[in-house]
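Please look through the structure below. The explanation that follows starts with one residue and moves outward from there.

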Number of protein chains: 2
Amino acid sequence: MTADRRPGMSGRNGIRPTMKDVAAAAGVGLKTVSRVVNGESGVTPEMAARVQAAIGVLGFRRNDSARLLRTGRTASVALLLEDIGDPFSSALSRAVEDVAVAEGCLLFTGSSAEDPARGRELALAFCARRVDGLIVVPAGDDHQYLLPEVESGTPVVFLDRPGTGIDADAVLSDNAGGARAGTAHLIAHGHRRIGFVGDLPTIHTAAERARGYREAMAAAGLPVAERWIDCGPTDRTRVAAAVHRLTTGPDAVTALFTANNRVTLAALHHLPAAARPALVGFDDLELADLLTPALTVVAQDPVALGALAARRLFDRLAGDTTPPMHLEIPTLLIPRGSGETPPAN
Amino acid sequence: MTADRRPGMSGRNGIRPTMKDVAAAAGVGLKTVSRVVNGESGVTPEMAARVQAAIGVLGFRRNDSARLLRTGRTASVALLLEDIGDPFSSALSRAVEDVAVAEGCLLFTGSSAEDPARGRELALAFCARRVDGLIVVPAGDDHQYLLPEVESGTPVVFLDRPGTGIDADAVLSDNAGGARAGTAHLIAHGHRRIGFVGDLPTIHTAAERARGYREAMAAAGLPVAERWIDCGPTDRTRVAAAVHRLTTGPDAVTALFTANNRVTLAALHHLPAAARPALVGFDDLELADLLTPALTVVAQDPVALGALAARRLFDRLAGDTTPPMHLEIPTLLIPRGSGETPPAN
DNA sequence: CTGAAAGCGCTTACAG
DNA sequence: CTGAAAGCGCTTACAG
């Protein structure tokens with residue numbers, strides 16, 4: 001409430017001085033202030049000192065938004081995630097941020113929150129701000145709305161899943177390979193009837209993981225009963241029902257491949273450790289190594305994913321005009337106990 | 001590489017049309033374009049149609065950065081975290097984002113990454129962009145550099161810990177109360193010698209939790225041996241050493257209060273379940289309920305913290321000039337098993 | 001070495 | 001209803 005200046009304090013309440021103000025206070029031209037602020041050469045020490053003094057008295061700080069408008073770029077990139085509150089997204093975010101900061105860029109983040117419309121709004125809002133580039137974990141099944149932005153010169157890199165209806169860079173995990181490795185691991189430990197519980201098959205990663213499961217079974221010459229494959233929403237209720245169906249009855253499976261972290265969590269909660277078949281989960285979980293038995297997983301590398309996507313984006317910004325590419329990051333099978341138990345019967 | 005227009009596609013490579021271009025194409029004045037773009041009334045249908053047609057042909061999209069320069073605000077806020085990659089920070093982030101989006105603002109996020117200098121650079125970079133406001137999880141022990149920004153009219157809300165050297169809004173967990181409850185819980189289950197393993201005492205939350213521990217002991221009339229309190233960095237090695245020291249020897253404690261999630265994790269890894277004393281941890285962990293025994297925790301509510309901080313910020317932006325306030329969010333004791341075992345001796 | 005002019009892409013008054 | 005002018009706070013040419 002007190003609008004008076006306190007001793008030793010520069011700046012006044014709610015009033016940001018501009019270069020024009022500094023120029024007037026120092027009795028110099030606007031351009032000279034600009035030169036001093038930006039550390040350009042060719043200013044006499046006397047002039048520079050006068051400007052610096054005025055800057056100090058007024059508490060001037062350059063308005064970067066205005067500067068960037070003139071410059072043509074915004075020195076900012078945006079990262080659109082599924083939900084920045086989940087561990088996978090936040091790990092991606094940190095990796096992207098580190099590259100962005102190293103490149104002198106600030107980072108906008110946003111969550112589509114399982115709502116393709118919100119994702120679209122956010123993506124277009126970022127573009128309207130003229131972010132230099134956009135990294136998108138795509139939600140929904142149509143990303144053509146980004147085409148005009150890409151054609152107007154805003155590079156887009158898809159992360160975790162490819163975009164639909166638009167040919168752009170994508171950085172993905174080796175989902176099929178990871179599922180293949182996890183399934184083969186169960187097979188190697190003697191299992192022949194293996195259940196697959198996954199996400200909605202319309203989701204690219206889910207489909208790829210199901211493919212990897214089938215390939216591993218086929219490679220081992222094992223038949224797959226379609227009943228063993230249960231894909232759908234990942235809420236607790238549905239996963240619990242799927243797990244129950246697969247693990248009971250005369251043709252119960254002896255092992256389970258749970259194809260993402262939410263499915264794994266739900267399965268673990270539904271199955272008491274004693275009644276649990278062999279289990280391998282896609283995605284690592286904190287504390288997974290402290291469970292009894294410890295949880296065997298196919299781990300993704302979100303840091304590598306985020307860093308590579310960011311690299312791709314900044315390479316595009318640096319002028320790379322090669323055709324769009326799809327890059328894959330390997331997964332890692334981490335045996336810890338739950339996936340190494342032999343079939344019960 | 002192909003700069004030619006494809007049928008059905010509007011916009012050309014790398015060239016963003018401006019309102020001026022649209023006005024020229026439509027043969028109208030700039031202001032008329034502005035009216036149509038912003039949905040203002042007072043434009044004849046014919047004019048509007050001509051403008052819309054030109055917008056479509058050229059693929060015009062308003063540059064919000066330019067608009068906001070004229071408007072004086074940026075419709076963006078920034079959230080400075082410790083590390084957006086950790087679960088607590090990311091939960092805060094999501095909560096802040098939801099409020100920001102509802103307020104029509106975009107969100108910058110950044111991580112100080114345990115480096116006060118990086119935190120400072122990021123905070124000032126956000127201010128230089130003239131974000132409308134700033135939410136800061138403060139790192140380091142001096143935040144006076146934010147004073148000029150606050151006085152220039154950029155509201156700052158501190159989150160999780162108060163800022164130092166600056167009087168501003170702060171939204172905090174009831175750290176002392178949570179630690180008091182956790183410690184009292186152990187006392188209620190018969191423990192008299194309780195160890196406290198915490199973070200560096202220079203960190204506000206760590207100091208508050210230690211205070212809560214002492215208060216609970218005092219309230220129960222129990223003496224506290226200073227050896228039972230071990231504060232320091234939260235790396236595995238140091239925590240393991242602390243836990244080892246506390247839980248062995250003639251005066252070993254019968255229960256442990258681990259004062260944050262990293263300490264709890266390290267303690268769980270160091271202590272085999274069989275040799276584990278009663279344990280209550282500050283901060284909830286995913287899978288905590290699936291451990292054997294399940295983990296009793298004092299849970300914070302990051303969603304409430306983030307939402308309240310964002311509310312505070314937008315209230316300031318709406319003109320609230322009441323004195324800075326410190327708001328506290330309660331914690332929740334969740335008994336699951338590890339904190340309900342009686343003393344071994 | 002220094003600075004007045006024009007412009008980045010919009011909006012805000014203000015005339016017609 | 002419509003639009004020319006001025007301005008948001010800077011930088012980019014371009015003269016002195």
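**From one leucine to the DNA**

Leaving aside its neighbours within four places in sequence, Leu287(A) is in contact with seven residues of the other chain: Leu265(B), Leu268(B), Leu285(B), Glu286(B), Leu287(B), Ala288(B) and Leu291(B). This is a predicted model. Leu287(A) also belongs to the largest nonpolar core, which has 82 residues. Within that core, Phe257(A), Leu287(A), Leu295(A), Phe257(B), Leu287(B) and Leu295(B) touch the most other members. Another core, of 44 residues, lies apart from it and includes Val96(A), Cys105(A), Cys105(B) and Ala309(B).

The next point is how the two chains are arranged. Chain B is superposed on chain A by a rotation of 180 degrees, with 0.0 Å of shift along the axis and an RMSD of 0.1 Å. That is the relation of a two-fold axis. Phe108(B) has the C-alpha nearest the axis in chain B, at 2.2 Å. Because 100% of the interface residues of chain B are also interface residues in chain A, the copies meet through the same surface.

Now turn to DNA strand C. There are 25 residues around it, and Thr32(A), Arg35(A), Met47(A), Arg70(A) and Lys31(B) come nearest. Of the atoms of DNA strand C within 4 Å of the protein, 66% belong to sugar and phosphate. One phosphate oxygen is 2.9 Å from an N or O atom in the side chain of Thr44(A). Bases are approached as well: a polar side-chain atom of Arg70(A) lies 2.7 Å from a base nitrogen, and a polar backbone atom of Ala66(B) is 3.4 Å from a base nitrogen. H4(B) gives the most to the surface near DNA strand C, with four residues.

Notes
Residues are numbered from 1 along each chain as its sequence is written. Chains are lettered from A and ligands numbered from 1 in the order in which they are written. This is a predicted model: local features need pLDDT of at least 70, side-chain atom pairs count only at pLDDT 80 or more; totals for chains, interfaces and linings use all residues. Side-chain values use heavy atoms; hydrogens and water are left out. Copies are superposed by least squares on the C-alpha atoms of residues with pLDDT of at least 70 in both. Contact means heavy atoms within 4.5 Å. A nonpolar core is a set of buried Ala, Val, Leu, Ile, Met, Phe, Trp, Tyr and Cys residues joined through side-chain atoms within 4.5 Å. Buried means under 20% relative accessible area, exposed over 50%, partly exposed in between (1.4 Å probe, protein chains only). A residue is near a molecule or strand if one of its heavy atoms lies within 4 Å of it. A polar contact is a pair of N or O atoms within 3.5 Å; within protein, one must be able to donate a hydrogen and the other to accept it, and residues adjacent in sequence count only if both atoms are side-chain atoms. Helices (H or I, at least four residues) and strands (E, at least two) are DSSP runs, numbered from the N terminus.
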